[in-house]
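Here is a small set of exercises to work through with the model open in your viewer. Try each task before you read its solution.

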Amino acid sequence: MKKIVTGIIAHVDAGKTTLSEALLFKTGALRKLGRVDKGDAFLDPDQLEKQRGITIYSHEAQFNYQDLGITLLDTPGHIDFVAQTEQVLQVLDYAILVIDATSGLTGSTTSLWRLLERYQVPTFIFINKVDSVGADPQAVLDQLQSRFSAGCLPFDSPLASGTIEDIASQDEKALTEYLENGKLTDATIQRLIKQRLVFPCYRGSALKLTGIDQFLAGLKRWTLPFVAHQKFGARVFKISHDGNDRLTWVRVTGGKLRAKAELADGQKADQLRDYNGRKFTIQQEVAPGDVCAIAGPSATFPGQGLGSERDQDQVQFQPVLTYAVDPRGNDIHHCLVALRQLADEDPQLRVSWSEHLQEIHVNLMGTVQLEILQQLLDQRFGLQLDFDQGQILYKETITGPVEGVGHFEPLRHYAEVHLLLEPGKAGSGVQVANTCRTDVLSHNWQEQIMTSLGAKEHLGVLIGAPLTDVKITLVGGRGSIVHSVGGDFREATWRAVRQGLMELRAQGKCQLLEPRYRYRLTLPQEMVGRAINDIQKMHGSFELSADGALTTITGTAPVATMRDYQQEVRNYTHGQGQLECIVAGYQPCHDAAAVVKQHAYDPVADLANTPDSVFCAHGAGYPVRWNRLPEMAHFPYQKK
């Protein structure tokens, strides 16, 4: 039997979970068709999901269609939980993108398409709700071809001759085959779909079960089976808790996963669970290509590679708001433990303890995620907590290169590290490299430095925000055979990063970044003037397109200025306007000077991230300010 793992993704209310129910019902996996609005959907088993009528977590279901075995992963639709969807994409053979025929390509759909492109996931498209008032599936198909790919083509059964010709035109080899034979083999079309040159489009109504049989037949005919690696490998895509059990969800990519096997760092697979909805069976081994939940490991994380698989880079969608927790009389330690368990399931939550303020801080994507977090704390831990209004999560970067130096030499300790800091590509985070020779620093010391670079989140020196889009290269340093220990290089490494940033700050080459929304505002034409005036005041960009009595305005704007605009739109349009905002990444801050002044951050006073160094003379260590390092450094600067 051919087996594939596929995931359903969509924007909110497109009918994603309803389509899942329809597929399960049509294949006999469900005897009764569940409904999201009735709270009995098979893949929304969590109490919060039933209450809110949305998918919050990814869930697994399994079913067979003739000789095709499908493992289906349902994913959250709301943009606040898109990081969980992004983790699931990394383990899919194929994705099913659901689009509402009445609303077309929303901003959320565009963001999901970019994620599918980033992870190179072959995609089938289901245009849903074609029976609803205002549905225009042909218009949606036209949008798909003009905005996403010309390979988004209708896969009616049988395929029309015009469609076959369009399929062939997506690839030179396929076109040659078509011109020579007047047709394309199934194997050729399967290859084009797998290579993301063609995206089969189907239409129907999941609620009315129309178009489902044709869609299932398309999955059976046009998909290719999973090809496993010989060596054992698996990828973690989710962490959850079931009672006292911490579960690590993985897709096995090669070899076999056996119960009691050691996975990483001495952690063992105590139990292998094969889930279908909320129910599971215990397995002794899991074959390549299959999905399972592992009970036992305590330090795994989403995106982690096991065996021959390497860890994935951080997900693209990152939180842009930070909130302080008001414990409301609850034990602060109990609150921290509960929040860290939830952060274990969703790493983007990012829970931290501020020793200086004696506060717990959490990073979030938006207000819906905050509401869900409060309900989870109440239901699972009996904690009723409040949160402040939330602050913008700024980041910092650099606009020029510098050689940063850190020296750590208290009595009987010695280490000096030279790092080259250079601007990186937008969205690249902090990248590290090493060009240092082993005759300058031993391999062991170099490894200690490289490990130290990744051991903490480096902060900028403008407001103390996380550093991003920077490449840090180890270029030199010095150690002592007698006195140097690992902790010395850690201290010198962290000081070198900060010293370099202080040099750049003095040169005016540190830059504050702020998150921006990509927005889509639809409203009556007579209110466009008011909207444009607002957008300009919010330092946003805009483009207009008219469709009858409604005008759509698209562009980007700072999260800081637009985050509360949705309610204002509802008020002045009397409910006729609709604003959709999606985080579009970080750009230079529109009011950097004001933000820096407001934070009043003193980088030298931040002792946990000091830019100063320690030297030794007359048998005692003494501090040296960062700006004296060029004259005090023992190892020569590597500047050209």
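Let's warm up with a residue in a loop: L209 sits between β7 and α9 (212-222). Keep in mind that you are looking at a predicted model.

**Exercise 1. Two backbone oddities**

Task: Work out what phi looks like at L209, and whether L209 is buried, partly exposed or exposed. Then do the same for R196.

Solution:
- Step 1. Phi of L209 is near 65°, a positive value in a residue that isn't glycine.
- Step 2. L209 has a relative accessibility of 21%; buried would need under 20%, so L209 counts as partly exposed.
- Step 3. Now move to R196, in the loop between α8 (186-194) and β7 (199-203). Phi is near 60° here, again positive in a residue other than glycine.
- Step 4. R196 comes out at 10% relative accessibility, so R196 goes in the buried bin.

**Exercise 2. Checking a helix with a ruler**

Task: What end-to-end span should helix α11 (residues 367-381) have, and what does the model give?

Solution:
- Step 1. Count the residues: α11 has 15.
- Step 2. The expected span is 1.5 Å times one less than that number, so α11 should cover 21 Å.
- Step 3. The end C-alpha atoms of α11 are 21 Å apart, which agrees.
- Step 4. For side chains, look at V368, Q369, L370, I372, L373, L376, L377 and F381: these are buried.
- Step 5. Step just past the end of α11 and you meet G382, with a positive phi of about 65°.

**Exercise 3. Hunting for disulfides**

Task: How many disulfides does the model contain?

Solution:
- Step 1. The test is a pair of cysteine sulfur atoms within 2.5 Å. By that test the count is zero.
- Step 2. Take C510 as a case: the nearest cysteine sulfur belongs to C589 and is 14 Å away, and C510 is in no disulfide.
- Step 3. Run it from the other end: for C589 the nearest cysteine sulfur is that of C510, at 14 Å, and C589 is in no disulfide either.
- Step 4. Check accessibility. C510 is buried, at 16% relative accessible area, and C589 is buried at 11%.

**Exercise 4. Reading the seven-stranded sheet**

Task: In what order do the seven strands of this open sheet run, and which strands are at the edges?

Solution:
- Step 1. The order is β2-β3-β1-β4-β5-β7-β6, with mixed pairing.
- Step 2. β2 (59-65) and β6 (152-154) are the edge strands, each pairing on one side only.
- Step 3. Ignoring direction, neighbouring strands of this sheet are turned by 30° against each other on average.
- Step 4. Zoom in on one pair: β1 (residues 2-10) and β4 (residues 94-100) are parallel, over five bridges. One place to click is T6, whose bridge partner in β4 is Y94.
- Step 5. Add the helices. α1 (residues 16-26) lies across β1, β2, β3 (68-74), β4 and β5 (123-128), running at about 150° to β1. α9 packs on the sheet as well, touching β1, β2, β3, β4, β5 and β7, and its direction makes about 175° with that of β5.

**Exercise 5. The six-stranded sheet**

Task: Why does each edge strand of this sheet have one side without a neighbour?

Solution:
- Step 1. Write down the order: β14-β13-β16-β9-β8-β17, an open sheet with antiparallel pairing.
- Step 2. β14 (279-283) and β17 (305-307) stand at the edges with a single partner strand each, so one side of each has no neighbour in the sheet.
- Step 3. From one strand to the next, the twist averages 40°.
- Step 4. Inside the sheet, nine bridges join β8 (residues 233-242) to β9 (residues 245-254), and G233 stands opposite G254 in β9.

**Exercise 6. Two side chains and their surroundings**

Task: Which polar partners do the side chains of H407 and Q190 have?

Solution:
- Step 1. H407 is in strand β24 (residues 402-408) and, at 0% relative accessibility, counts as buried.
- Step 2. The H407 side chain makes a polar contact with the E409 side chain, at 2.8 Å.
- Step 3. Beyond four places in sequence, the contacts of H407 include Y414, R495, F615 and H634.
- Step 4. Q190 is in helix α8 and is buried at 14%.
- Step 5. The Q190 side chain reaches the backbone oxygen of R221 at 2.8 Å. Leaving aside neighbours within four places, Q190 is in contact with R221, W222, T223 and L224.

Notes
Residues numbered from 1 in each chain as written. Predicted model: local features only at pLDDT ≥ 70, side-chain atom pairs only at ≥ 80, totals over all residues. Heavy atoms only, no water. Helix = DSSP H or I, 4+ residues; strand = E, 2+ residues; numbered from the N terminus. Buried < 20%, exposed > 50% of the residue type's maximum accessible area, 1.4 Å probe, protein only. Polar contact = N/O pair within 3.5 Å; in protein donor to acceptor, adjacent residues only side chain to side chain. Contact = heavy atoms within 4.5 Å. Pairing = 2+ DSSP bridges. Axes fitted to C-alpha atoms, helices over the stretch in contact; angles between N-to-C directions.
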